[in-house]
Amino acid sequence: MPFYKNLKSALLLILFSTTFFAQSNLQFSLFNTALTDNANAIIRENSVEITIESVDVITYKKRRIVTVLNEAGNRHVNAVAYYDDGKDVKKIKAIIYDQLGREIKTVKKRDFSDVSVADGFSIFNDNRALHLDYTPSSYPYTVDFTVETINTNTAFIPSWYPLEAYNVSTELSSYKIINNTPIEVVVKESNLKEYKAEKISDFNYKIENASAVTREAFSPSLSKIVPSVKATLKNFSMLGVEGVNNNWQDFGKWMDDKLLSGTQELPEEVKTEITELTKDASSPIEKAKIVYNYMQNKTRYISIQVGIGGWKPMLAEDVDRLGYGDCKGLSNYTKALLDYVGVTSYYTVVYGDSDIRDIDSDFSSLQGNHAILSIPNNDDYITLECTSQTAPFGYIANFTDDRDVLIITPEGGKIIHTKSYAPKENKQTTLASVSIDQTGSIKANVSIKSQGTQYKKYQRLDIQTEKENILYYKNYFDNIKNLKIENINLINNKDQIVFEENLKLSAKNYTTKAGNRFLFCPNIFNIMAYVPPRYKTRSLPFEIDRGFYDVDEYEILLPENVVVEALFEPIEIKNKFGLYKASIQSKDEKTLIYTRELLINKGAYTKEDYKNYRQFRLDIAKYDKSKMVLKINQ
């Protein structure tokens, strides 16, 4: 929501702009609605200068001025500097101004909060951050932040994303690399022309007056559509360990030789144990399943940010001795076990997240935020998520699925694509036997089987208490008033990767009574009520990252004195977004069969397609609530 909702706010911002920005030699006008419309914060200036001093020294200077317009904009101040054994913060300072442009406070280096860069589970961590800890008393306010660092890790050069987030505009952003060495700097530019970003010279870019991009339903990742510049060196050093990066093969070879080599020795007793466990296995995949189960039962995940720049895994023997590790350590430990029993596997770097993000296959550099393991299987790969103690063998839906990743082989790096779950693999089948009594109340036995991405519900239901699961089902079946969950039986079939929910439930007065008639909605257990929001003018394309497939069949038994007066006609809608079918038919005088089929396809669509997709979802929501008429014979 924009800050200036009324005249008073507008006048304050005009005064603020005149006072403060006259001092800072930046020009800004409230009437530049390209910056204020739909903005939670404005990047007044973000100037970055990176100097390559040598193969193992980079200096970094930044001035960042951010005007925060409302509470949602606080997270975009981003006045933070990271440091570790190889990175030193030389200068850091912040000046905070109020809405009238008056200085509130100056924050010097000693006044910044000094914290460990951890997630609450770390016990070892050599990465720290200095960050501004400030709680505003009013809006808008502005932070003028400057920082200088020197870094001996030249494997990573910060990228340039001048439009940093949805609902944040940019008045001025610049990016400059000064190369004082003969080392070649390689850059990749994306979407510069679309946003009128200017290339001043080699390695020197700027953008001015870039409007905020508003997040819309099913928007693609912002990084896919906004300007960016990525940079890397062909020769680099990571805390004294030098490497060559002409392509992914080179970079992967360096990782294998310098980061992974010498980390996979196992204790003798572990070798004996794993040999005994796998001696009767009839195939490499069967061996791999035994090893994966062994690892899951023996270890747990803890974030550990030590090693060369946080990229070198801890020793496999240490993981075994301690019983824990981070994604790097656990993946490396599992690889060591597999290597010992003769199963080939590859340490793999990936961007792990529910949003699908690829390792850039055209630009070799230090990328990714997570490590997994890949096992060759004919012409494909089986991927193991080694941080989970509960995931089935090869199950990676919703976090590392359907994306380009980097596997590290002895010959070098290689980009492969992880498993993509087709919509019909993401299947939920709901079968139910329902009886209605003369008051319109119902009793039902319900069986729900979930696969693919929909299997993920096991992660919640398997660990919750019975009370928590009852609350979950009351929320899930929120269309059923007076719902009573009488019994829950959950079966997690990890071999088949199927999660089964068997429920016994009842509900008083489920139907709507009108005289001697009942209005009855036969879709009791899977109403798709969500409808994407309407936009007068859609600005962005949209994506459906993961499709799904629901199949429902309910047998409905009527009481003796109740007959069917009217059924709705069968419904079928088919388009590029998917398929919807629903029907209700009489099996005999007292038994009805309701069937429903819903397929949502994955895909990338134009902004012009959105209106039709929304209409498809509107139709689904309407037809899912279709009612039939039952009559009570007197």
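Tutor: Let's start with a term: two strands count as paired if DSSP finds at least two bridges between them. Keep in mind that we are reading a predicted model.

Student: Thanks! In which sense do β34 and β35 pair, and over how many bridges?

Tutor: In general, strands of a sheet pair through backbone hydrogen bonds, either parallel or antiparallel. Here β34 (residues 571-575) and β35 (residues 578-588) run antiparallel, with 5 bridges between them. To find the register, start at Ile573, whose bridge partner in β35 is Tyr580. The connection from β34 to β35 is a hairpin of 2 residues.

Student: Now a wider view. What is the strand order in the open sheet of 8 strands?

Tutor: Reading across that sheet, you meet β5-β4-β9-β2-β1-β10-β13-β12, and the pairing is mixed. The edges are β5 (103-107) and β12 (198-201), each paired on one side only. From one strand to the next, the twist averages 10°.

Student: Which strand pairs with β5, and in what sense?

Tutor: That is β4 (residues 87-97), antiparallel to β5 over 4 bridges. If you want a landmark there, Ile96 stands opposite Lys105 in β5.

Student: Let's turn to a single residue. Is Glu216 buried or exposed?

Tutor: The cut-off for buried is under 20% relative accessible area. Glu216 has 6%, so this residue is buried. Along the chain, Glu216 sits in the loop between β13 (204-210) and β14 (228-233).

Student: And what does the side chain of Glu216 reach?

Tutor: The backbone nitrogen of Ser539, at 3.0 Å.

Student: Last topic: pockets. What is the volume of the second largest pocket?

Tutor: The general idea is that rolling a probe the size of a water molecule over the atoms shows where empty space is left. For the second largest pocket, the volume comes to about 560 Å³. Its lining has 24 residues, and those closest to the centre are Pro392, Phe393, Gly394, Tyr395 and Ile497.

Student: Which element gives the most to the lining of that second largest pocket?

Tutor: Helix α5 does, with 5 residues. Both α5 (284-298) and β22 (380-384) supply at least two residues each to this lining.

Student: How many of the lining residues of the second largest pocket are nonpolar, polar and charged?

Tutor: By class, there are 10 nonpolar, 8 polar and 6 charged residues in that lining. A good place to begin on screen is Tyr395, one of the residues closest to the centre of the second largest pocket.

Key:
Residues numbered from 1 in each chain as written. Predicted model: local features only at pLDDT ≥ 70, side-chain atom pairs only at ≥ 80, totals over all residues. Heavy atoms only, no water. Axes fitted to C-alpha atoms, helices over the stretch in contact; angles between N-to-C directions. 1 Å grid on protein atoms, 1.4 Å probe; cavity = no way out; pocket = protein on both sides within 12 Å on 5 of 7 lines; lining within 4 Å. Points joined across faces, edges and corners; volume = space filled by probe spheres on them. Nonpolar A, V, L, I, M, F, W, Y, C, P; charged D, E, K, R; others polar. Buried < 20%, exposed > 50% of the residue type's maximum accessible area, 1.4 Å probe, protein only. Polar contact = N/O pair within 3.5 Å; in protein donor to acceptor, adjacent residues only side chain to side chain.
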